[in-house]
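User: Please take a close look at a single part of this model. Give me the contacts and the geometry first, then the setting.

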Amino acid sequence: MSQKINIEQIAELARLNLKPEERVKLTKDLEAILAYVDQLREVDTKKIEPTSHVLPLQNVFRKDFAVPTRISDAVLSHAPKREGKFFKVPKVIEA
Amino acid sequence: MEPYQFSVKQAKEFSAKNQNGPSELTQSLAKRIQNFDSKVKAYVHFDPTRVLLPKDGKKGPLYGVPISVKDNIVIESWETTCASKILTGFIPPYDATVIRKLREAGAVIFGKCNMDEFAFGSSCETSFFGPTRNPWNLDYVPGGSSGGSAAAVAGDLAIAALGTDTGGSIRQPASFCGVVGLKPTYGRVSRYGLVAFGSSLDQIGPITKTVEDAAILMNVLAGHDSQDSTSADVPVPDYTSFLGKSMKGLKVGIPKEYFVKGLDPEVNQAIQKTIGVFKDLGAGCVEVNLPNTKYAVAVYYIVAVAEASSNLGRFDGVQYGFRHETSSLRDLYFETRDQGFGAEAKRRILLGTFVLSAGYYDAYYLKGLKVRTLIKQDFDRAFERVDVILGPTSPTPPFKVGEKMNDPLAMYLSDIYTISANLAGLPAINIPCGFTEGAGHASPLPIGVQLVAKPFEEGTLFRAASAYEQATQWHEKHPKL
């Protein structure tokens with residue numbers, strides 16, 4: 001087994017609370033997948049450019065213009081919690 | 001023949017000829033679902049009272065044709081959940097571009113199909129709403145992630161359906177259910193309104209009963225969209241013009257690397273027979289090499305999960321869907337995500353977060369992107385010599401519900417033949433090519449063949465697939481529910 005992972009640190013970065021039993025299982029799963037992925041180390045990629053995207057696309061620009069829309073009400077209508085025209089969340093800054 | 005059994009072509013003709021055609025069609029399908037979907041569970045949201053029939057007047061190319069939609073494509077005012085708890089209650093305020101185009105063509109947006117949660121899976125078992133079953137044998141999976149779409153089409157619970165394909169999620173379930181499934185070239189169909197999984201890999205495509213139906217739908221779905229910055233501005237041919245043509249002179253490449261350990265003998269046999277039919281129809285078959293095939297799954301499970309972990313960062317319980325109420329914002333994020341995501345989603349979010357994290361980015365993510373280049377170059381070289389590449393869609397026939405749920409890696413390997421087309425952005429199609437006969441299976445289960453072509457050469461796929469379909473009878477077989 002090669003790569004060990006720090007599940008607490010990764011879960012923190014991913015904003016996930018994990019139950020203790022989940023941590024054990026997920027660590028095992030992830031390490032098994034990473035062991036499989038490790039076969040890529042045998043490939044010589046020194047002179048190879050990465051492909052993040054297959055299309056030969058550059059930035060796509062268009063004019064930015066305002067159009068009338070009634071979407072703001074619709075967007076707020078499925079908020080788990082709202083107040084007036086705002087999404088409502090618990091207090092961020094403590095007094 | 002009952003209306004629910006129609007192909008897209010037949011449904012079109014039925015609606016054009018009969019004044020109440022669209023209404024009769026949707027009623028026939030609705031009844032079929034009422035009677036049989038409790039067995040298959042292909043749908044997650046279906047409400048016959050909300051199905052809008054097309055307005056009279058100009059009759060578009062899909063006038064009155066009911067189309068079912070995978071639950072990761074947004075439809076205005078219909079709940080869209082991606083089969084995840086975290087999106088329950090999300091009512092999109094707009095139509096995806098593909099939905100708008102279907103409506104403009106006169107299609108009836110019919111119902112929403114089950115899927116693996118956020119399209120993470122190859123069996124339709126990771127759905128928050130429970131698994132969909134294979135209509136050919138209810139003990140087996142329909143494949144995934146577009147398992148609901150494929151099962152609906154195979155079980156005559158839909159006329160045709162939209163699926164999405166990030167690593168095989170249209171083609172593998174089409175193979176498992178014995179139907180046609182096309183993943184278009186990356187950029188061919190707009191992704192606007194598709195809930196993103198792997199943004200450099202995702203494509204929407206049709207799942208249909210016949211090759212002709214897939215071509216008819218692609219005539220409507222394909223084309224540039226200014227709402228999707230990765231949409232390709234490439235002219236769209238009339239795809240139906242490629243149907244019914246001879247295969248004579250078509251150069252077909254058979255990748256040596258696809259016929260190795262892990263390929264089920266019955267699948268191999270069906271593919272060898274298919275190659276024989278291609279040769280009889282005048283295609284020239286040669287061996288080609290795709291030497292980096294063995295790395296495709298490893299590359300995919302770096303690139304796709306990295307993109308997924310980033311895309312799923314937006315689900316935090318603030319703007320839509322499920323929220324776990326707490327007194328602090330931090331806990332709200334952490335608890336909402338913990339309770340809202342299922343096991344496979346967590347696995348992929350964590351893996352993606354890891355390969356992108358400081359200290360591991362170069363060794364994993366960047367390495368994956370470089371090997372992706374090599375996989376793409378394999379295809380570039382092969383396509384200098386051939387027009388299409390032919391091989392199995394899945395290394396095995398459908399497996400049993402529950403069989404691979406505790407072994408994520410075994411599940412991932414069921415996409416070994418489909419993933420490369422996403423990594424390289426190529427169009428690829430599954431067509432039925434046989435059934436299992438062995439004693440290992442209670443009843444015959446479908447086997448599919450995959451054809452891959454150069455970018456934007458969907459027409460070549462339709463030409464080859466249509467000629468093969470006309471020479472065989474696989475598409476005429478339907479499961480009994």
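Analyst: **The H8–H10 contact**

From H8(B), the residues Ile302(B), Val305(B), Ala306(B), Ala308(B) and Ser309(B) meet Arg348(B), Ile349(B), Leu351(B), Gly352(B), Thr353(B), Val355(B) and Leu356(B) of H10(B). Contact means that the C-beta atoms, placed from the backbone, lie within 7 Å. Helices (H or I, at least four residues) and strands (E, at least two) are DSSP runs, numbered from the N terminus.

This is a predicted model: local features need pLDDT of at least 70, side-chain atom pairs count only at pLDDT 80 or more, and totals for chains, interfaces and linings use all residues. Residues are numbered from 1 along each chain as its sequence is written, while chains are lettered from A and ligands numbered from 1 in the order in which they are written.

By class, the contact of H8(B) with H10(B) holds 8 nonpolar, 3 polar and 1 charged residues. Nonpolar covers Ala, Val, Leu, Ile, Met, Phe, Trp, Tyr, Cys and Pro; charged covers Asp, Glu, Lys and Arg; the others, Gly among them, are polar.

Now the geometry. H8 spans residues 296-311 of chain B and H10 spans residues 343-356. They pack at an angle of about 100°, with axes 7 Å apart. Axes are lines fitted to C-alpha atoms, for helices over the stretch in contact; angles run from 0 to 180 degrees between N-to-C directions. H8(B) and H10(B) are therefore roughly perpendicular to each other. The classes are: under 35 degrees roughly parallel, over 145 roughly antiparallel, 65 to 115 roughly perpendicular, the rest oblique.

Next, the setting. Chain B has 14 helices and 11 strands. Its radius of gyration is 21 Å, which agrees with the value near 23 Å for a compact globule of 481 residues. That radius is taken over C-alpha atoms; the globule rule is 2.2 Å times the number of residues to the power 0.38. Along the principal axes, the C-alpha trace of chain B spans about 70 × 60 × 50 Å. Of its 481 residues, 63% are buried. Buried means 20 or more other C-beta atoms within 10 Å of the residue's own, exposed 12 or fewer, partly exposed in between; C-beta atoms are placed from the backbone. Among contacts in chain B with a separation of 6 or more, 76% join residues 24 or more positions apart.

How values were computed. Contact = placed C-beta atoms within 7 Å.
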